[in-house]
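Please look over the model below. The report that follows covers its packing, its contact surfaces and one of its sheets.

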Amino acid sequence: MGSGSGVSCAVTLNTSLTPEQRARYQDVAQINQLLDSARTIALVGLSSDRQKASYFVAGYLKDEGYRIVPVNPKADTILGEKVYSDVASIPFPIDLIDIFRPPQDVDEIVNQAISRKEKGIDSPALWMQLRIINLPAAERALAAGLTVIVDKCVKMEHGRYRGGLHYAGMNTEIISARKRRR
Amino acid sequence: MMDRPAPRKFGFETRMVHAGHVPDAETGSRAVPIHQTTSYVFDSADQAAQLFELKQYGNIYTRISNPTTAVLEERLASLEGATGALAVASGMAAQFVALMTLLSPGDEVVASSHLYGGTVTQFKQTFLKLSLKVTLVDPHDEAAWERAITPKTRALYGETIGNPRGSILDLEKLAALARAHNIPLIIDNTFATPYLCRPIEHGATIVLHSATKFIGGHGNAIGGVILDSGNFDFSRFPSIAAPSPSYHNLRFFDTFGHYGFLMKARAETVRDVGACISPMNSFLLLQGLETLSLRMDRHVSNAQHIARYLEQNQQVAWVAYAGLPSHRDHALAQKYLPKGPGAVFSFGLKGEGGQVREDGKRFIEALELFSHLANVGDVRSLVIHPASTTHQQLTEEELAACGVGPEMIRLSVGLENVEDLLWDLDQAFHALSHSTRA
């Protein structure tokens, strides 16, 4: 689990998924494993507006040492990074696709992710941000062997398990008597 | 091989001593360290800029956040079932900051009239200077709440256990009314604490505490807390959804989602108002919080004994404790506070007018163990006679209007041996009936 602490308390707040869906799409161990292992994160629907949530998330992830890959048909450069028009046109392996598009757009993003896997380019995990819920698309991605997280924010989850969110007074739901690992 | 047990949602008592504090990697300090510092060295110029733009989580200045205070905040959020918390200088500051974050000049709030006197003064006097209007309604009169709501109403407000007659708010009815009008329900849960009642579970949006009372519990530190359920859709709520001029037109609800209200309360309201809590006070309140359930069980059991004793006393006219079947809100108390309706309540001495006002003073002066002071929620039992202290400047008529009669005595029952407390009350009643009257 990297630099995070032990987690024994299920995270339950602020999702519209049922407990069964949370177990399937919000697995704490899987989220931690993703945050630890991912190096390159494509952000689909990343805005060039500095005050949009997607911009906050991308800037945060870049600061935290991830390579960010903006995906947006209407921009050239965001946060100093070259922008791609869709997931299919990214010419190098990516570890995670973070989705900031409405649920109906998720189908095509999943198609392109599955196609990347079939072509042997990479096997990216799919992550739908808070309130972006397309469960049929999630199921197709799972069936294709991809990891899927639904209705969570990458920045909030990173902040939760790496300590920063706690300083904002938020309920991380992390309960542990073990010393935090470096 | 047996299956590995599933992850567990830990119980209240476990979270009471652990939530919000994972021993740090450097020292492993088991007790919560007191970060008595004003400010924090930045990693780099870039990180400093990111912090100021709210793009990174971290500490800048103790007026805005502090690592010791963060433990108190997260622990209380865990205990109340909230998405997060913001600790401030006092309970009064908690109210003020929560409402300043939600309201703009011209806005209105509908509140229960059964409130702490200081809250009424803040709502009626200070808010008037800010062009904010608070309409007070009888908490039992459902139609009155509904009638008082106007297009400018931005919140409903009440206390779980109300002042001064121990009335219990019907949380679920009020939550439904607030939902129907798309406004948040704000509940002051000070007298109940999250151990006896968790208003968010009954539909409240925002919960407030004077942590000075039972949360700290030892009468040694002043503090307040604002907690957000994270369940309210602020997307059409002007003060939270609109672009913020002080953050390059950042839209707090858009950007921070269910953390939007608290982020705005911290990064704008407390930043600008300056009502921050001291790290030392956060530590003292945490120390108290770690024994909350144990203390509340004893507070409630002592209060119940004393209320029953008073009800049977010939010198007592009435007892307003919702733990007694005679109280009009007994059924509501059993529903919302099944472990007991707290340990602060009032009773009335028999008699009338100036005579009973004098009797009240003499009764309090005769007590040995109850401390005569203006606080509640201490490990020690406390007593006050509102008519001769906090309300002494009022006439008999004015006292009657605010529900504080000259016969009223308010108790905050502590953790002493209950037989000793009963003895103390007994000897004070004896002194009252055997003193020479003018």
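Start with Ile226(B) in this predicted model. Beyond its neighbours within four places in sequence, Ile226(B) is in contact with Ala85(B), Leu86(B) and Val88(B). Its contacts also include Ala94(B), Val97(B) and Ala98(B). Ile206(B), Leu208(B) and Ala265(B) complete the list.

Ile226(B) belongs to the largest nonpolar core, a set of 181 residues. Ile97(A), Val88(B) and Ile226(B) have the most contacts inside this core. Helix α4 of chain B, residues 91-102, gives the most to the core: 9 residues. Both domain 1 and domain 2 of chain B give residues to the core, so the core lies between them. As a general point, nonpolar side chains in soluble globular proteins tend to be buried together.

**Domains of chain B**

Where do the two domains of chain B run? Domain 1 covers 12-289, and domain 2 covers 293-434. Their centres, taken over C-alpha atoms, are 30 Å apart. The contact between them takes 24 residues from domain 1 and 30 residues from domain 2 of chain B. On the domain 1 side, α1 (12-18) and α8 (193-196) of chain B each supply at least two residues.

**Contact between the chains**

Chain A brings 35 residues into contact with 43 residues of chain B. On the chain A side, α3 (53-63) and α7 (164-167) each give two or more residues. The top contributor is α3(A), with 5 residues.

The table sets out two contact sides by residue class.

| Side | Nonpolar | Polar | Charged |
|---|---|---|---|
| Domain 1 of chain B, touching domain 2 of chain B | 12 residues | 8 residues | 4 residues |
| Chain A, touching chain B | 16 residues | 13 residues | 6 residues |

**A sheet in chain A**

Helix α3(A) also lies across two strands, β1 (40-44) and β2 of chain A. It runs at about 155° to β2(A). Both strands sit in an open sheet of 5 strands with parallel pairing. What is the strand order? In chain A it reads β2-β1-β5-β6-β7.

The edge strands are β2 (67-71) and β7 (148-149) of chain A, and each pairs on one side only. At the β7(A) edge, the partner is β6 of chain A, residues 125-128. These two strands pair in the parallel sense over 2 bridges. Which residue stands opposite Trp127(A)? Ile149(A), in β7(A), takes that place.

Methods
Residues are numbered from 1 along each chain as its sequence is written. Chains are lettered from A and ligands numbered from 1 in the order in which they are written. This is a predicted model: local features need pLDDT of at least 70, side-chain atom pairs count only at pLDDT 80 or more; totals for chains, interfaces and linings use all residues. Domain bounds come from an automatic or database domain assignment. Two residues are in contact if their C-beta atoms, placed from the backbone, lie within 7 Å. Helices (H or I, at least four residues) and strands (E, at least two) are DSSP runs, numbered from the N terminus. Ala, Val, Leu, Ile, Met, Phe, Trp, Tyr, Cys and Pro count as nonpolar, Asp, Glu, Lys and Arg as charged, and the others, Gly among them, as polar. Two strands pair if DSSP finds at least two bridges between them. Axes are lines fitted to C-alpha atoms, for helices over the stretch in contact, and angles run from 0 to 180 degrees between N-to-C directions. A nonpolar core is a set of buried Ala, Val, Leu, Ile, Met, Phe, Trp, Tyr and Cys residues joined through C-beta atoms within 7 Å. A residue is buried if 20 or more other C-beta atoms lie within 10 Å of its own, exposed if 12 or fewer, and partly exposed in between; C-beta atoms are placed from the backbone.
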